[in-house]
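Work through the exercises below with the sequence and the model open side by side. Try each task before reading its solution.

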Amino acid sequence: MDTDVLGPLTTFLLSLLIGIPLGKYLAKVYANEKTLLDAVMSPVERMLFRLGGVDAGREQHWKEQIRIMLVINLVWFALGIFILTNQSWLPLNPDNNPDQSLSLSFNTAISFVVNANLQHYAGETGVSYLGQIYLIFLQFVSAATGMAAAATLFHALRQGSHHTQGNYYAFLVKSVTRVLFPISVMVGIILLFSGTPMTFEGKQLMTTLQGDTVSVSTGPVAAFVPIKHLGTNGGGFFGANSAHPFENTTYLTNMLQLVSQTIIPFAMVFALGFFLKKKKLSLMIWGVMTVGFLLLVMPTIVTEIGGNPHVEAMGADVSQGNMEGKEVRFGSATSAYWSIATTAISTGSVNSMHGSYMPLSMMNMLLAMMTNSFYGGVGVGILNFFVFIILAVFISGLMVGRTPEFLGKKVEAKEIKIAMIVALIHPLLILTGTALSVGMPTLASNGLDTSGFHGFSEILYEFTSASSNNGSGLEGLADNTPWWNLSTGLVLLLSRFIPIIGSVAIAGCLSAKKHIPDSVGTLKTDNPTFGILVFAVIFIVTALSFFPALSLGPIAEYFTIIH
């Protein structure tokens with residue numbers, strides 16, 4: 001085996017080894033069972049609930065939970081707008097970074113509230129330390145929002161008929177205190193010992209290897225980076241994101257950050273099985289997700305290891321693979337693995353420049369975001385996959401002539417309609433935004449530095465990244481303009497909350513229905529056969545929705561290269 005591939009393989013196996021016990025722990029947290037952190041965190045949680053006047057033990061209907069979620073997120077968004085548009089005179093701004101414009105602050109605040117972290121600014125110059133601290137807060141609570149919604153799903157799918165689905169406040173707070181915060185502290189300590197800065201001083205003078213004295217931005221980086229990955233947020237403290245040596249100092253920190261962004265999406269799948277006591281169901285879900293992930297990551301690694309034929313034709317050495325836009329300390333294979341992990345899991349962080357990848361590799365990144373169901377972001381990944389399960393159950397019911405059922409509950413017209421809306425809103429937002437940008441060059445294309453197929457890919461990637469709550473970009477797009485800030489901000493908003501509301505609504509409707517015992521004709525939804533059907537539904541929906549757009553972008557660019 002090529003030694004370059006050992007790093008990604010080891011990273012994947014570590015994520016799995018940590019994800020399984022972490023999933024068992026998550027199931028206990030959301031079932032309100034005893035855990036190791038009770039003695040430390042229970043008093044903290046009680047204090048927070050007392051300060052907020054919240055009865056965390058009161059059961060809530062899913063509609064009440066959705067209302068609470070929307071109101072809380074609105075408050076966080078408004079506070080973000082205020083801080084970002086007034087940071088020049090607010091404290092903790094030693095580098096005197098200016099206020100963000102209203103359109104940029106609108107985009108930034110929405111982006112961090114919805115767990116996307118699509119950044120139309122460079123962190124060194126675009127945000128003060130106070131702004132960065134608030135963004136750290138948003139990275140915690142936006143991740144916890146998705147995890148709380150998943151916990152509501154878990155409670156709704158319990159056996160029996162239920163008219164309440166737990167308590168949203170408890171799910172939200174415990175997601176932070178029991179999971180995100182303690183793991184972030186451990187990761188942050190490792191990063192500190194690896195050389196990641198943690199300071200509130202401004203730019204510092206440093207001497208380069210050439211002997212030049214330069215002014216270098218620092219800041220509370222070690223507090224920012226752990227939650228950006230554990231919460232699948234992905235925003236960079238610096239403009240170069242995880243390619244910056246202060247955010248990602250060594251190959252080992254690179255592996256640590258890769259594992260950090262995968263363990264909770266893995267764990268949420270296993271948590272579902274432990275919570276419902278249906279381990280075979282979680283294995284089926286994880287198996288489908290893993291097959292889809294490997295079908296994307298393996299050809300990407302092979303393509304990038306093979307190098308760029310145009311560069312090779314110029315007489316350059318491509319023995320290390322396609323290294324344009326990549327860090328030598330990470331290599332082509334590990335960078336390729338990161339590119340698919342960060343797009344499939346919807347983290348959006350980058351340790352290399354995605355615009356420098358080979359066209360088919362860029363296509364795989366786009367597909368990872370377009371499917372939006374292979375692991376996915378914390379909490380919302382399992383919600384997105386749940387929608388495809390409902391569609392697969394409906395299709396299988398039509399095939400055998402039976403009323404569709406899932407976990408002993410009838411899936412009827414109402415649930416199917418909601419599932420279709422959720423499944424179609426994703427391609428609708430991506431393709432509509434792309435079409436408008438291509439059709440209105442005076443508004444959109446002034447930010448492009450590339451024309452032709454690659455330029456189209458940049459536009460398609462920007463809206464795909466926004467709609468999948470990813471946040472990465474091909475970076476050939478000068479996106480800090482009113483058009484890109486407002487259009488992607490709207491896509492970010494709709495693509496975040498419509499799928500969450502839809503998935504929770506489906507689960508809530510099923511929760512109140514009478515449980516039907518299994519019979520000879522009951523469709524098994526926890527075996528490989530059903531897994532193949534779910535994968536087929538995901539493949540067909542993605543192919544029908546996006547193949548024409550991909551043909552105009554990365555696929556067309558690929559054919560220009562081979563000729």
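**Exercise 1. Place phenylalanine 200 and state how exposed it is.**

Step 1. Phenylalanine 200 sits in the loop between α7 and β1 (204–207). Helices (H or I, at least four residues) and strands (E, at least two) are DSSP runs, numbered from the N terminus.

Step 2. The model is predicted: local features need pLDDT of at least 70, side-chain atom pairs count only at pLDDT 80 or more, and totals for chains, interfaces and linings use all residues. Residues are numbered from 1 along each chain as its sequence is written, and side-chain values use heavy atoms, with hydrogens and water left out.

Step 3. Phenylalanine 200 has a relative accessible area of 41%, so it is partly exposed. Buried means under 20% relative accessible area, exposed over 50%, and partly exposed in between (1.4 Å probe, protein chains only).

**Exercise 2. Find the nonpolar surface patch that includes Phe200.**

Step 1. The patch covers about 840 Å². Accessible areas come from the Shrake-Rupley method with a 1.4 Å probe; for residues, only the protein chains shown count as cover.

Step 2. Its members are Leu92, Ile133, Phe181, Val185, Ile189, Leu192, Phe193, Met198 and Phe200. Patch residues have over 30% relative accessible area and no salt bridge; like charges are joined within 9 Å, nonpolar side chains (Val, Leu, Ile, Met, Phe, Trp, Tyr) within 5 Å.

Step 3. Helix α7 (residues 168–193) is the top contributor, with five residues.

**Exercise 3. Describe the pairing of β1 and β2.**

Step 1. β1 pairs with strand β2 (residues 213–216) in the antiparallel sense, over four bridges. Pairing requires that DSSP finds at least two bridges between two strands.

Step 2. Threonine 207 faces threonine 213 in β2.

Step 3. The two strands form a hairpin with five residues between them. In the turn, glycine 211 has a positive phi of about 95°.

**Exercise 4. Which residues have the most contacts inside the largest nonpolar core?**

Step 1. This core has 155 residues. A nonpolar core is a set of buried Ala, Val, Leu, Ile, Met, Phe, Trp, Tyr and Cys residues joined through side-chain atoms within 4.5 Å.

Step 2. Tyr30, Ile285 and Phe406 have the most contacts inside the core. Helix α6 (residues 129–156) gives the most to this core, with 17 residues.

Step 3. Isoleucine 285 touches Val269, Leu272, Ile382, Phe385 and Ile389, leaving aside residues up to four places away in sequence. Contact means heavy atoms within 4.5 Å.

**Exercise 5. How many salt bridges are there, and what do the pairs of Arg178 and Lys513 tie together?**

Step 1. The whole structure holds nine salt bridges. A salt bridge is a side-chain nitrogen of Lys or Arg within 4 Å of a carboxyl oxygen of Asp or Glu.

Step 2. Arginine 178 and aspartate 38 meet at 2.6 Å, N to O. Arginine 178 lies in helix α7 and aspartate 38 in helix α2 (residues 38–52), so this pair ties together parts 140 residues apart in sequence. Arginine 178 is buried, at 5% relative accessible area.

Step 3. Lysine 513 and glutamate 415 meet at 2.9 Å, N to O. Lysine 513 is in the loop between α18 (482–511) and α19 (528–552), glutamate 415 in helix α15 (residues 413–439), so the pair ties together parts 98 residues apart in sequence. Both residues, lysine 513 and glutamate 415, are buried.

Step 4. Salt bridges with shared partners join Asp38, Glu45 and Arg178 into one network.
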